[in-house]
2 protein chains.
Amino acid sequence: MGKQERSALTRAALVRAGGAVFSSTPFSRARIVDVLQLVGLTQGAFYFHFENKRALALEIINRELELMTELTLNVRDTSTNALSALSRMSQDLGRLIQSDPVVQGGLRLTMQSADEFPEVIGASYIMWFETISQIIQSGVTEGSIRSDIEISEAAEFVVTAFVGSQQIASVNPMWEGLADRLRTTESFVLAALAASR
Amino acid sequence: MGKQERSALTRAALVRAGGAVFSSTPFSRARIVDVLQLVGLTQGAFYFHFENKRALALEIINRELELMTELTLNVRDTSTNALSALSRMSQDLGRLIQSDPVVQGGLRLTMQSADEFPEVIGASYIMWFETISQIIQSGVTEGSIRSDIEISEAAEFVVTAFVGSQQIASVNPMWEGLADRLRTTESFVLAALAASR
């Protein structure tokens, strides 16, 4: 393995370990040494890749946003209709959040963004809002979603329902119960939006 | 004014000022002196009423829960039917959150409960869930709410939608836009639950 590959692996290991640490410890109390202990690396390795704890946290938040965005766009582009897209998005989000330490860390950090990371406040809401608006628009066009709604209001509602589900499940370790909660939420969201029920 | 009344007024002033401080500053960074400056009181007055910053914070959280519970029970007991109860609850919650510094402080503190106040985690969800379950049950009985739903799932959905609205608006100072957001959410919640639309 070349120097560059090793370096990329080390960086990825730090991001993953940082996700685990930040998902269980508030940013202000988390320590770089906690991250290093998880992966058996030295301070030198850390500072080669990140200026400080905040730089690692921002990297994790950005990676979480990327993963969420990829998932959302992928669902939009590979679903046969709008209702199944919304349903798949909900299931895939639940799976991603419950299984990926980087996403978990990113979510916890984002929940502290008002205090710690003002530069990313609301970033995930905006991303979701735009893609979900497109999905709902296509649902209205194809006739699967009610035509008597305002697209932007319907998208706001779907985002609200996802955020609420995530928020309530986030009080449990590892977001336990999120997938079930999203399934329930999704069934009512579809009932509210479907052209007929 | 007697000594006891003065003491009660001082305590209330500390709770109110604490609400304002905690609604804009994370618990770990907020200082007792910030609270005192807002009301022009001394350290002595503070420690007469509260053991420490944490005791004040818990009082604010409990007061917020009380106000939310009063509102919720009041709406339940004075509404003519379940759909108007859900609609009023949403409007009244928006008004309360946007106008009361104690509620605002309590909400921000509750958002930090996983890290700072594990004893109150999920308390407001449980309170809402129970009262909203009763409202939905009465709606099914009176025929205004669909009978093909699980009461507990429908209540979970309503709580999720409220929590999501609050959460998204909480990135704005003073929860700006919450009332509008709740109105949008509510219209879709009712569409999902109403016996006919």
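So, how many residues of chain B are in contact with chain A? Before I get to that, a quick reminder that what we have here is a predicted model. Okay, the count: 24 residues of chain B are in contact with 24 residues of chain A.

Where do they come from? On chain B, the elements that put two or more residues into the side touching chain A are α7 (113-116), α9 (151-169) and α10 (178-193). The largest share belongs to α9(B), with ten residues. If you like to think in chemistry, that side of chain B splits into twelve nonpolar, eight polar and four charged residues.

Now, the symmetry. Turn chain B by 180°, shift it 0.0 Å along the axis, and it lies on chain A with an RMSD of 0.0 Å. That's a two-fold axis for you. And here's a nice one: 100% of the interface residues of chain B are interface residues in chain A too, so the copies meet through the same surface.

Right, let's look at chain A by itself. There are ten helices and zero strands in chain A, so to speak an easy one to draw. Going along the sequence, the pattern is just α-α-α-α-α-α-α-α-α-α. Take the principal axes, and the C-alpha atoms of chain A fill a box of roughly 60 × 35 × 30 Å.

How much of chain A is buried? Of its 197 residues, 41% are. As for contacts within chain A, take the ones with a separation of 6 or more: 69% of those are between residues 24 or more positions apart.

That's my bit, over to you.

Notes:
Residues are numbered from 1 along each chain as its sequence is written. Chains are lettered from A and ligands numbered from 1 in the order in which they are written. This is a predicted model: local features need pLDDT of at least 70, side-chain atom pairs count only at pLDDT 80 or more; totals for chains, interfaces and linings use all residues. Two residues are in contact if their C-beta atoms, placed from the backbone, lie within 7 Å. Helices (H or I, at least four residues) and strands (E, at least two) are DSSP runs, numbered from the N terminus. Ala, Val, Leu, Ile, Met, Phe, Trp, Tyr, Cys and Pro count as nonpolar, Asp, Glu, Lys and Arg as charged, and the others, Gly among them, as polar. Copies are superposed by least squares on the C-alpha atoms of residues with pLDDT of at least 70 in both. A residue is buried if 20 or more other C-beta atoms lie within 10 Å of its own, exposed if 12 or fewer, and partly exposed in between; C-beta atoms are placed from the backbone.
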